[in-house]
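Welcome! Grab a pencil, take a look at the picture below, and let's work through a few exercises together.

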Amino acid sequence: MNKLFNEIRIKNMTVKNRIAMPPMCMYCAGEDGKVTPWHVLHYATRAVGGAGLIIVEATGICPEGRISSNDLGLWNDDQIEGMRTLVDAVHENGAKIAVQLNHAGRKCTADGMHVEAPSPIAFDDGSVVPHEMTAADIDQTIEEFRLAAARAEKAGFDMVEIHAAHGYLLSEFLSPLTNTRNDQYGGSAENRVKVLGKAIDAVNSVWPQEKPVCVRVSAEDYQEGGNKAEDLAEMLCMVKDKGIDIIDVSTGGVVPAVPNAVKGYQIPHAEIIKKATGLPVIGGGLVTEAREADDIISAERSDMVYVGRELLRNPYWPLQASVELDAEVKWPPQYERAKPRKK
């Protein structure tokens, strides 16, 4: 019996299956950071296709928090209406929806921005050297996370995800490769996790208690002296009681190291963090086949599986996976005639 299409409940959010669409940047917003018709069509189509949880791409908490000039944003109230339209479109088609709140840190390439980071270390030879953040800068950024989370609630999102992965600002604080500070935010693991802890506190101060909060982490830096899954698990255990309900486990992006990306290559990292923290996890990494995803869930290696590139190629992958696994899944009535029949 397959388990990929079992429900999962996280706080008040019940997701109809274990398939998550991870945040994948579209880079097609305008300088105003507002939702476009493309975003609505893109995400709603994946809801029609049967994904249980859709996590909206990295969304800047401030203009300098964007990865590019074409990122979505939640740094002002004018951006709420478009996000609400997006949320409604996904809900109308049967999926739950989260938004990933992000500050790009030293990886900001948006035009004309003041690039800042924990330490003045460029990402690579082609990147700018960021300004080292002061304590006041950090406090301002934490406030921006709080305000963005409040706007996400007004837009109606089911869950908020704090982006602490892929070498963006919070991830930079976590890694000893990018955080060489000698103040209260640098050095030991306990110090390096403090800014993430403050961000979690800030989000939870405005986010409804009944709704879940997710944190995404890079559980492997792929460079000597960097973090491994056990290090991230240790730091997450230091802050989980602040209000983390589920962890989205990815890897890499902190430095220009290239991982050996094979099928399911990040699932072992998710297993380590799941076991060490006792929290549910979302895992993945080049998962493309229904049986593969189901085996991950059935073996309790991960509580949900994110399917990214395959959902870009095929938004109806979950519906097709249900047929392959012989799962009883309700298809959109408009597409019912296309549902393969048992012989």
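## Exercise 1: A strand and its two faces

Both faces of strand β11 are covered: on one side Ile 246, Asp 248 and Ser 250 are buried, and on the other side Ile 247 and Val 249 are buried too. Keep in mind that this is a predicted model.

**Task.** How many of the residues of β11 are buried? Which strands do bridges join to β11?

**Solution.**
- Step 1. Find β11 at residues 246–250 and count: 5 of its 5 residues are buried.
- Step 2. Look at strand β10 (residues 213–218), which runs parallel to β11 and is joined to it by 5 bridges. In this pairing, Arg 216 stands opposite Asp 248.
- Step 3. Now look at strand β12 (residues 281–284), which is also parallel to β11, with 2 bridges between them. Here Ile 247 stands opposite Val 281.

## Exercise 2: Following the chain

**Task.** Through which helix does the chain cross from β10 to β11, and what is the handedness of this crossover?

**Solution.**
- Step 1. Leave β10 and trace the chain through helix α7 (residues 229–239) until you arrive at β11; this β-α-β crossover is right-handed.
- Step 2. Carry on from β11 through helix α8 (residues 267–277) to β12, and you have a right-handed β-α-β unit.

## Exercise 3: The buried side of a helix

**Task.** Which residues of α7 are buried, and what do they pack against?

**Solution.**
- Step 1. Recall that an α-helix has 3.6 residues a turn, so residues three or four places apart point the same way.
- Step 2. List the buried residues of α7: Ala 229, Leu 232, Ala 233, Met 235, Leu 236 and Val 239.
- Step 3. Find their partners: these buried residues pack against α4, α5, α6, β10, β11 and α8.

## Exercise 4: Cores and a cavity

**Task.** Which residues touch the most other members of the largest nonpolar core, and which residues line the largest cavity?

**Solution.**
- Step 1. Start with the core of 88 residues, where Phe 157, Leu 196 and Ile 273 touch the most other members. Helix α3 (residues 135–155) gives the most to this core, with 7 residues.
- Step 2. Note that there is also a second, separate core of 14 residues, including Met 13 and Ile 282.
- Step 3. Turn to empty space: the whole structure has 1 cavity of 30 Å³ or more, and the largest cavity holds about 30 Å³.
- Step 4. Name its lining: Ser 171, Leu 174, Ser 175, Ser 218, Asp 221, Asn 227, Leu 232 and Val 254.

How values were computed:
Residues numbered from 1 in each chain as written. Predicted model: local features only at pLDDT ≥ 70, side-chain atom pairs only at ≥ 80, totals over all residues. Heavy atoms only, no water. Core = buried A, V, L, I, M, F, W, Y, C linked by side-chain atoms within 4.5 Å. Buried < 20%, exposed > 50% of the residue type's maximum accessible area, 1.4 Å probe, protein only. Helix = DSSP H or I, 4+ residues; strand = E, 2+ residues; numbered from the N terminus. Pairing = 2+ DSSP bridges. Right-handed = clockwise from strand over helix to strand, strands pointing away. Contact = heavy atoms within 4.5 Å. 1 Å grid on protein atoms, 1.4 Å probe; cavity = no way out; pocket = protein on both sides within 12 Å on 5 of 7 lines; lining within 4 Å. Points joined across faces, edges and corners; volume = space filled by probe spheres on them.
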